[in-house]
Amino acid sequence: MTIGGRKVMRQIGKGETVCLVCLSDNPDHQEVIYSLYRKMKDAGFNVHTIGIEKPKTPHACFDENNHYVKCPCRPGISAATFDIAGLRRVIDEVKALNPDFLYFESVHTWNIPIAFTLRNQAIILEVIHDVDPHDGSRAVEVANWCCARSAHYVVIRNGKDRDLCASKYGLDHSHVITLDSWRAFPPFDPPTKSGEALFFGRLRKYKGLSALLSIAQKAPEVTFNVMGQSDQESLETIQALCRLPNVRVTEGFIESRQMDEAFHNADCVVVPYESASQSGIIMDAYRYSRPVVAYNVGAISEQVENGKTGFLVTSGDEDGFVGSIRGIVHSEPDSLAAWSHRAYKFGLKKYSAQEAVSRFVAMLSQLN
């Protein structure tokens, strides 16, 4: 590949510089770059990170190759967007690294001027997590479009959205890349046989809160642990969930210690989404060795092996969803342990940072 008159190596070497950028306050996005950074550095690659000050993820790294900057919160559309001096400092910091590959893990308005400044120096890759934003946000859609058009390649997290991404953002199909996301994976965590089902993450309408309410009513013997940050639209449903005796709701930002405890205590993780591209919560479930019960929407089928790592249920089939939860929660200890082992093994292969390094390097090597 030739960029700016310079021939780029087909097979990247460990002397080439890879810069991983995440100008996001989302701890999941932050974890992606820092978990990959750690594994790539251990493998001998010349890798750097650019991230926001005071990262929320416990996986953040703090050595000479980790650079922290002040910037507006994602997607970066605010008064702070026009802090030209601050943006200039970030651009200068990235330029000083002289990267061969510049990988943006999250959409942000500042990605655009950074990309345009360095597009004759580096190969630019932009990750778009929600090709079709769930909340219908016009601001996010515009940010997606601008970031996609300023990069050489767009990376998405599932194959089903490849055609949509190309058409929606006016891209050539050859410049849309599918790459599974990843997480830092701890050792296997045996199940606790608690009788709990966990609903974790942002408490939003499209996440299936109304379905969760009905499902919890139909399974009074199962304890539902609901954790995450809500919005105004979800308030009424959350209040109804709080009134159920078998539901425990923790609303607000969830610290990493609380997250560890919640997944450890769960027998399964429930994902009754109305719509989805893919779910980071399913990746989290696997790294904590927990099977999943999910509605078969969007590209969720790429993440769950039905009957092995959990259950895929026809969207809207609440009785089937309840039956699937019971199939895991009421299983014998040995059977529950088998569910956990299969979930962990599948996730380790598909979603762990250690396995992601070879896929990530192969992706960079095949750009043309």
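This passage describes the overall build of a predicted model and then its seven-stranded sheet.

The protein chain contains twelve helices and 15 strands. Its radius of gyration is 21 Å, and this agrees with the value near 21 Å that a compact globule of 368 residues would have. The C-alpha trace spans about 65 × 40 × 40 Å along its principal axes. Of the 368 residues, 55% count as buried, and the accessible surface comes to about 15,200 Å², with 51% of that area belonging to carbon and sulfur atoms. Contacts that link distant parts of the sequence are well represented: among those between residues at least 6 apart, 66% join residues at least 24 apart.

We can turn now to the sheet. Seven strands form an open sheet in the order 5-4-3-6-7-8-9, and their pairing is parallel. Strand 5 (66–69) and strand 9 (176–178) are the edge strands, each pairing on one side only. From one strand to the next, the twist averages 20 degrees.

Strand 3 makes a good place to look more closely. Six of its six residues are buried. T17, C19 and V21 point one way from the strand, while V18, L20 and C22 point the other way. On one side, strand 3 pairs with strand 4 (residues 46–52) in the parallel sense over six bridges, and T49 of strand 4 is the bridge partner of L20. Helix 1 (residues 27–42) joins these two strands in a right-handed β-α-β unit. Strand 3 also pairs with strand 6, again in the parallel sense, over four bridges. Here L20 stands opposite Y103 of strand 6, so that L20 has a partner in strand 4 as well as in strand 6.

Towards the other edge of the sheet, strand 8 (residues 153–156) and strand 9 pair in the parallel sense over three bridges. Within this pair, V154 stands opposite V176 of strand 9. Two helices that pack on the sheet complete the picture. Helix 3 (residues 111–118) touches strand 6 (101–104) and strand 7 (123–127), and its direction makes about 170 degrees with that of strand 6. Helix 12 (residues 353–365) touches strand 3 (17–22), strand 6, strand 7, strand 8 and strand 9. The direction of helix 12 makes about 110 degrees with that of strand 3.

Key: Residues numbered from 1 in each chain as written. Predicted model: local features only at pLDDT ≥ 70, side-chain atom pairs only at ≥ 80, totals over all residues. Heavy atoms only, no water. Pairing = 2+ DSSP bridges. Axes fitted to C-alpha atoms, helices over the stretch in contact; angles between N-to-C directions. Contact = heavy atoms within 4.5 Å. Rg over C-alpha atoms; globule rule 2.2 N^0.38 Å. Buried < 20%, exposed > 50% of the residue type's maximum accessible area, 1.4 Å probe, protein only. Areas by Shrake-Rupley, 256 points an atom, 1.4 Å probe, with all protein chains shown as cover. Right-handed = clockwise from strand over helix to strand, strands pointing away.
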